[in-house]
Amino acid sequence: MSEQLESLHGNCLYSAQAYFEAAKRAELWGRLMVFLPACISAFSGFMSYIGPKPFWGAMAAIAGSVAATASFIGATKKATDFLNSARSYTVLRHKVKLELRFLLADSRVSFEEARDRVEKLNNDYTQIVASDVPVPNRSFNVASKRIEQGAAS
């Protein structure tokens with residue numbers, strides 16, 4: 001049973017870290033999708049004011065509409081989804097670690113009881129996986145490197 005719990009603990013660790021990495025990237029990208037077009041719009045609006053070129057007015061309108069659209073559709077929603085998944089894996093990882101300590105410390109736990117506990121934790125893991133938005137491979141690779149370097153635990 002302890003091998004299964006150790007495996008589940010490792011899966012939760014890697015998944016949580018990958019989703020935290022994805023949340024950071026998605027948050028940055030979402031904010032940039034609003035901020036950069038808004039800056040371009042402001043600059044273009046200023047340039048259309050000081051110069052009689054229709055190009056700057058069109059650029060201001062396009063950039064402004066991109067910023068407004070990104071803001072309206074929730075450019076940071078994906079980051080929130082990733083962060084929720086990361087938190088779910090982290091909570092489950094702590095439950096698994098606690099259960100592993102209980103099983104190793106209490107030799108009176110029957111095989112059936114231990115199996116039931118492991119199955120419940122595995123079902124919790126399966127539910128999280130089933131409701132996740134897939135994490136980008138790049139985020140998983142970054143997370144793996146951070147874990148191997150000891151920067152994440």
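**Notebook: salt bridges, core and pocket**

I began with the charged side chains and found that Glu-21, Lys-24 and Arg-146 are linked in a network of salt bridges. The model I was reading is predicted. I then looked up the total, and the structure holds 8 salt bridges.

**Entry 1. Salt bridge in helix 3**

I turned to Lys-77 and Asp-81, whose side chains form a salt bridge with an N to O distance of 3.0 Å. How many residues apart are Lys-77 and Asp-81 in helix 3? They are 4 residues apart in that helix, which spans residues 77-105, and so about one helical turn separates them. I also checked the accessibility of Asp-81: its relative accessible area is 24%, so I recorded Asp-81 as partly exposed.

**Entry 2. Salt bridges in helix 4**

I next examined helix 4, which covers residues 111-131. Arg-117 and Glu-113 meet there through their side chains in a salt bridge of 2.9 Å, N to O. Because these two residues are 4 apart in helix 4, the separation between Arg-117 and Glu-113 is about one helical turn. For Arg-117 I noted a relative accessible area of 26%, which is partly exposed. Glu-113, at 35% relative accessibility, is partly exposed.

I looked up another pair in this helix, Arg-115 and Glu-119. Their closest N and O atoms lie 3.6 Å apart, and the pair forms a salt bridge. Arg-115 and Glu-119 are 4 residues apart in helix 4, so about one helical turn lies between them. I entered Arg-115 as partly exposed, with a relative accessible area of 34%. Glu-119 is partly exposed at 41% relative accessibility.

**Entry 3. Nonpolar core**

I then asked which residues have the most contacts inside the largest nonpolar core. They are Leu-5, Tyr-89 and Leu-92, in a core of 22 residues. Helix 1 (2-50), helix 3 and helix 4 each supply at least two residues of this core. As general background, I noted that nonpolar side chains tend to be buried together in soluble globular proteins.

I followed Tyr-89 further, setting aside residues up to four places away in sequence. Its contacts include Cys-12, Ser-15, Ala-16 and Tyr-19. Tyr-89 also touches Tyr-125, Ile-128, Val-129 and Asp-132.

**Entry 4. Leu-83**

I located Leu-83 in helix 3. Is Leu-83 buried or partly exposed? With a relative accessible area of 26%, Leu-83 is partly exposed, because buried means under 20%. I noted that Leu-83 and Tyr-19 are 64 residues apart along the chain, while their C-alpha atoms are separated by 6.4 Å. Apart from neighbours within four places in sequence, Leu-83 is in contact with Phe-20 and Ala-23.

**Entry 5. Largest pocket**

Lastly, I looked for open space and recorded a volume of about 190 Å³ for the largest pocket. This pocket is lined by 13 residues, and those closest to its centre are Arg-25, Ala-26, Trp-29, Gly-30 and Lys-78. I asked which helix gives the largest share of the lining. Helix 1 does, with 6 residues. Helix 1, helix 3 and helix 5 (137-148) each supply at least two lining residues. By class, I entered 8 nonpolar, 2 polar and 3 charged residues for the lining of this pocket.

Methods
Residues are numbered from 1 along each chain as its sequence is written. This is a predicted model: local features need pLDDT of at least 70, side-chain atom pairs count only at pLDDT 80 or more; totals for chains, interfaces and linings use all residues. Side-chain values use heavy atoms; hydrogens and water are left out. A salt bridge is a side-chain nitrogen of Lys or Arg within 4 Å of a carboxyl oxygen of Asp or Glu. Buried means under 20% relative accessible area, exposed over 50%, partly exposed in between (1.4 Å probe, protein chains only). A nonpolar core is a set of buried Ala, Val, Leu, Ile, Met, Phe, Trp, Tyr and Cys residues joined through side-chain atoms within 4.5 Å. Contact means heavy atoms within 4.5 Å. On a 1 Å grid over the protein atoms alone, a cavity is a set of points where a 1.4 Å probe fits but cannot get out, and a pocket is an open set with protein on both sides within 12 Å along at least five of seven lines; lining residues have an atom within 4 Å of a point. Grid points are joined across faces, edges and corners, and a volume is the space filled by probe spheres set on the points. Ala, Val, Leu, Ile, Met, Phe, Trp, Tyr, Cys and Pro count as nonpolar, Asp, Glu, Lys and Arg as charged, and the others, Gly among them, as polar.
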